[in-house]
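Let's take a walk through this one together. Have a look at the model first, and then we'll go through a few of its features.

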Amino acid sequence: MYHIISILDFSREQIDALLEKARKIDKHIEIERSLEGKQVALLFFEPSTRTRMSFASAVSRLGGTTICVDSVEGSSIIKGETLADTVRVVSGYVDAIVLRHPKEGAARLASEFATVPVINAGDGAGQHPSQTLLDLYTIRQSMPLEGINVGLIGDLRYGRTAHSLAQALSHYHVNLFTIAPNGLELPETIQLELRDMGTDICECAEVQDVIRDLDVLYVTRLQRERFPDSATYVNVQQSYKVTPQLLSGVKDHLIVLHPLPRAGEIDPAVDSLPYARYFEQARNGIPVRMAMLREVMQ
Amino acid sequence: MNEAPPRQLLVSPIKNGTVIDHITAGEALNVLKILGITGTTSERLSIATNVVSRDMRRKDIVKIENRELMTEEVDRIALIAPRATINIIREYRVVEKKGVEIPSVLIGVVRCPNPGCISNTDEPIESRFEVVEKGLRCYYCDNLITRDIARHII
């Protein structure tokens with residue numbers, strides 16, 4: 001049985017094949033109805049809007065139906081049931097499980113106990129492979145992934161999307177430029193791994209120093225709770241803000257991505273510039289998640 | 001005339017059991033912890049720490065009477081004592097001598113230091129780590145332990 005748990009489980013060939021499948025679905029080159037007559041459980045034990053909605057939409061477009069759990073309160077978890085038991089029971093109801101859970105490794109555990117395929121829709125601060133794949137898909141719409149210059153800016157310590165994207169990009173020999181506030185730098189263990197995989201990492205103090213060299217600027221959210229007080233948060237947020245002024249003189253084909261929701265990291269004035277791709281990126285969640293569902297249901 | 005003091009064995013030989021020699025100095029108690037041997041278990045133990053060694057300068061030695069350790073048991077100690085040698089003793093004679101090999105997967109040996117990891121909840125699973133070049137990687141949350149592994153032993 002095939003599960004999608006972590007981007008680390010993917011080879012470059014598997015990523016390329018899945019992105020190509022998503023492209024064919026997106027361009028209506030292939031009509032996919034692989035979930036006709038099938039039911040998928042969306043087990044969301046943590047709040048989510050776009051991931052849950054786009055998975056629901058993807059299932060429906062593939063001809064399937066969904067049954068949902070939207071919170072811990074609405075589930076038997078509150079009665080003390082283990083996740084292992086929950087997925088064993090739900091496996092008997094459906095043909096696949098999409099799981100979002102606050103604990104890291106929850107999806108891996110679920111895959112051990114489920115008797116149907118499991119797709120990880122985000123486990124705590126851990127993996128969120130569908131986000132990574134749609135990030136890659138969005139970049140690939142504009143340029144080949146091989147050897148590009150990618151800037152990661154924001155909370156790179158706790159931002160799981162940045163970690164997974166960097167890990168996936170390591171298959172493509174990219175040059176990474178990291179720009180993070182003090183204390184929120186990319187964790188040492190991840191840097192070590194990336195370097196081992198042949199990725200060049202350059203830690204930069206100011207985004208201005210590198211912005212003109214970048215092909216992709218990936219912006220992540222700065223969370224207020226990571227800062228000692230509001231004043232520090234506001235100061236840092238202002239200095240990391242992506243504005244039209246910052247983007248003057250950049251490469252014509254630069255794209256700015258953000259996993260959304262944003263909290264002031266990107267000036268709304270950037271939305272109308274040709275570099276802004278974050279809403280398209282969110283929309284790409286549909287073909288990518290359709291391709292993932294099709295993959296596990298094969 | 002100054003006579004050299006008679007050579008003495010620091011710990012007396014054992015009749016039957018296991019001698020773990022060449023343990024990294026200071027790790028003897030952690031070795032016992034990994035093997036699940038505590039003060040409340042029944043084995044008779046002799047422990048020597050910081051013994052002078054020709055090869056290692058200093059080493060620890062553990063002797064366990066009347067218990068022959070299995071390969072799977074001793075391989076777990078390779079994490080903290082990669083040069084350890086295991087001697088199985090019967091009737092005061094070494095009948096088997098072997099080194100330790102780091103296993104590729106460790107189940108139930110190390111606790112994941114990530115408090116958000118699902119393996120630290122009451123789910124019906126044991127901790128599981130893959131042994132990789134840089135250290136140990138949690139099978140569940142991908143967390144990598146690169147140093148101070150002994151501190152995370154269950």
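Is A:C204 buried or exposed? Keep in mind that this is a predicted model. With a relative accessibility of 11%, A:C204 counts as buried.

What about disulfides? Across all chains, there are zero of them. A:C204 isn't in one, and the nearest cysteine sulfur, which belongs to A:C202, sits 3.7 Å away. A disulfide here needs the two sulfur atoms within 2.5 Å, so that pair doesn't count as one. Chain B has a cysteine to look at as well: B:C141 is in no disulfide, and its nearest cysteine sulfur is that of B:C112, at 3.6 Å. B:C141 is buried too, at 10% relative accessible area.

Now stay with chain B and look at its domains. The assignment splits out domain 1, covering 17-99, and domain 2, covering 105-152. Six residues of domain 1 of chain B and seven residues of domain 2 of chain B make up the contact. Taken over C-alpha atoms, the two domain centres are 24 Å apart.

How much area do domain 1 and domain 2 of chain B bury between them? It comes to about 490 Å², with 77% of that on carbon and sulfur atoms. On the domain 1 side, B:R76, B:L79 and B:I80 lose the most area to domain 2 of chain B, together giving 78% of what that side buries. Sorted by class, the domain 1 side of the contact has two nonpolar, one polar and three charged residues. Even so, the count of salt bridges between these two domains of chain B is zero, and so is the count of residue pairs in polar contact, with both residues at pLDDT 80 or more.

Definitions and conventions
Residues are numbered from 1 along each chain as its sequence is written. Chains are lettered from A and ligands numbered from 1 in the order in which they are written. This is a predicted model: local features need pLDDT of at least 70, side-chain atom pairs count only at pLDDT 80 or more; totals for chains, interfaces and linings use all residues. Side-chain values use heavy atoms; hydrogens and water are left out. Domain bounds come from an automatic or database domain assignment. Contact means heavy atoms within 4.5 Å. Buried area is the accessible area (1.4 Å probe) that two parts lose on being put together, summed over both. A salt bridge is a side-chain nitrogen of Lys or Arg within 4 Å of a carboxyl oxygen of Asp or Glu. A polar contact is a pair of N or O atoms within 3.5 Å; within protein, one must be able to donate a hydrogen and the other to accept it, and residues adjacent in sequence count only if both atoms are side-chain atoms. Ala, Val, Leu, Ile, Met, Phe, Trp, Tyr, Cys and Pro count as nonpolar, Asp, Glu, Lys and Arg as charged, and the others, Gly among them, as polar. Buried means under 20% relative accessible area, exposed over 50%, partly exposed in between (1.4 Å probe, protein chains only).
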